[in-house]
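User: Please take a close look at one helix pair in this model and at the backbone around it. I should like a single connected account.

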Amino acid sequence: MKYIRTPRPKRPKSAIPFRLNFLLFVAFLLFAGLVTQLAYLQISNGESFAAEVNRTGTTTVAGSVPRGEIYDAKGRIMVDNKAEAAITYTKNVSTPAEQMYTVANRLANYVTVDASSLRERDIQDYWLANPKNTKRVNKQLTKKQRKFKDNKLYKVQLKVAKTIKISLTPAQKQAAAIYKIMNGATQLSTVNIKDQKVTQKEIAVVSEHLTSLPGVNLGTNWEREYPNGKSMNTVIGRVSSEKSGLPSESLMSYLELGYARNDRVGTSYLEKQYETALRGSKSQTEVTLSSTNQIAKQVEKYNGKKGSNITLTIDSKFQAKVESIVKTQFNKALSNGNAALSDGAYAVVMNPNTGAVLSMVGFKHNFKTGKLDEDSLGVINRSFVMGSAVKPGMVLGALQDGVITRTNNTQSEDPIYLKGTKVKSSDYPVGTYSSMTAQHAIEVSSNIYMMRLVMKEAGVSGNDYIPKQRMRMNSDVFEKVRGYFNQFGLGLKTGIDMPGEVAPTAGKKLNEYGVLNTGAALSLGFGNYDPYTLIEMGQYVSTIANGGYRMQPYLVQSISQSNSDGSTQVESTTEPNVLSKIGNSNADVNFVKQGMWLVGHGTDAWATAKVLGNLNPGVAAKTGTAQSVAHVNPEDTSSAPVDTLNISLVAMAPAKNPQITVAVVMPNVSLSSHGYTKDMTHDIIQATTTCITSRRFLVTVQRNRPCLNSFAVSPESPAHLSAQPPSGDTCF
């Protein structure tokens, strides 16, 4: 029998599509990988990853210290630090803008700050720190812009914010000013939210709410103050504020030295020159940060070291006396109608044996107000043609050159006549003298004598000079005369220990036709051509006073540190620095000093400074007048020119063994003015000689240092000059 097989029915196809099966398979693989990775993390590297989660980092934060003080030569404080309460903010790592916004708004309820300097950008920054405003701005961005990160996103947000008219209430402006300071701080740096005129109420309220003001604290701010007035502020210089911080022109160099951007630094003169000493050493605090960049621990490793103090060579009381004398003489000239066009008046007093500056005074005539503005810096940064005060240097140069000797120095007093110019003569009438010696020429200030020295140094002889026709000179005459002047410091930077000394300038040696200017060469010899600063004149007369050593001037005597027990430790002392020695013998120098003695003590009626003859101890000096030109309107160089005089004077006292030198100048006075610088010098020396004889004047400067030279008095010297100095007298 045949069996008939019934065919099996076909299985129905799976309801799950292949793609879903594939996805389930991939999910299985991913899950398996995740399990494997978890096993790797937990079993193989669990401990190391746990340590990473709990990881902390350390960084060192520097804190500010008080700046060093500045004292005068007698230990009187001239520049101090005034401690004031301050409300500070320390910015954490990655502090969000939203948190600073919240803190700024809260703090604005407790303190009042100056919001006058807010700029439009500051207001926009504050406004954008509000999350609500950020959302509003983001709605106006494209999808692509919303994906920007950090600074790139902020730039496009700021661009939108600029199109929105933002209006802040007075309270919000206060908060914006606070936010601006916070936002400008670098990570882990401390800035002052308010450091001036912080009230006791503000301190109390902020202290009470510190827990709700993260980063805010109470601190101390240091401000420069001047207990004895600001008479020398232009010389002492300025310190930047925390707001201005580091000067932009030196930013990178300061940052490389470890400064913070908001650090205060000396920006001018002594404060700048001695910044390294005055700044001190910042405190060092080790800050430990958690893995979330929060401060976990702070440990002070070094509490810092206050800045070193500097002691000046200037006695503030003597400085005040000299200021009063200079101001009195200028005002006297002004009231007499002789100083309406004058630039002002300047004086410098030095110790010739060390280079220490004992007083440095300057007043600039303010033509708008008619008053005198303090301008001590003018001693080093204003140049004037000084006139006959340089004649002792001219004589010493001629002695070096050999065109005269101490025993053979008589010359004709016939005036010099150049072609096409006025006669070149002296102040006294032509024919007053037929001939003259070098010392007599210094006494009566003979221009003719100095011009004839220039002619000899320039090789003028025979037919080289025919009056009113021609004068032929060697082409190196300017270099030769200036070279001798340079030995004394005239025409060179003195090297004083502060920035700002101007570079010397010199008149042209060729005239408009390209020919050697013989008339200018003659004028150079009696000080009526090249300009000099007063500090150059001080160095010049000091070189003669000490026997021929060109000393470097300095204002800072020592640098010291105040110890916690009140004692002082001297860190460094300025040693006198001899820059060069002139080419003259001591006999040459004393020969010229004798001529300078006659300026105040000579018997000739034309001796130029007899007012100095009554000083005790005696003074050797040289006056100077130089032709100058001012303008009817001193502030408009296109206004009509007016002939004026620069009057100057250099002096040394006591003449036998100089311990001080004085140089003064009053530029652009009327043609009839001669006595003001003489009276000024007389009063300055009178103010110092009492101190010299009583040993109370600046003996702290290089106490008992041997003098470089004593004035060897010749047998024919006047009795006053040969008198011995007071018992126990020493160089400063």
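Analyst: The model is predicted, and a suitable place to begin is S445, which is buried at 10% relative accessibility, because buried denotes a relative accessible area under 20%. This serine has a phi near 60°, a positive value in a residue other than glycine. S445 belongs to the loop that runs between α17 (438–444) and α18.

Helix α18, spanning residues 447–457, packs against helix α16, residues 391–401, at an angle of about 30° and with the two axes 10 Å apart. The crossing of α16 past α18 is left-handed. On the α16 side, the contact involves K391, M394, V395, G397, A398 and D401, while α18 contributes N447, M450, L453, V454 and E457. By character, the residues of this contact comprise six nonpolar, two polar and three charged.

Elsewhere in the backbone, a positive phi is also found at N668, about 55°, although this residue is not a glycine. N668 is located in strand β24 and is buried, with a relative accessible area of 12%.

The loop that precedes this strand, between β23 (641–653) and β24 (660–669), holds P654. The peptide bond joining A653 to P654 is cis, with omega about -15°. A cis peptide bond is likewise present from N616 to P617, where omega is near 5°. P617 is placed in the loop between α22 (586–601) and β22 (620–631).

Terms used. Residues are numbered from 1 along each chain as its sequence is written. This is a predicted model: local features need pLDDT of at least 70, side-chain atom pairs count only at pLDDT 80 or more; totals for chains, interfaces and linings use all residues. Side-chain values use heavy atoms; hydrogens and water are left out. Axes are lines fitted to C-alpha atoms, for helices over the stretch in contact, and angles run from 0 to 180 degrees between N-to-C directions. Helices (H or I, at least four residues) and strands (E, at least two) are DSSP runs, numbered from the N terminus. A crossing is left-handed if the near helix is turned anticlockwise from the far one by less than a right angle, and right-handed if clockwise. Contact means heavy atoms within 4.5 Å. Ala, Val, Leu, Ile, Met, Phe, Trp, Tyr, Cys and Pro count as nonpolar, Asp, Glu, Lys and Arg as charged, and the others, Gly among them, as polar. Buried means under 20% relative accessible area, exposed over 50%, partly exposed in between (1.4 Å probe, protein chains only).
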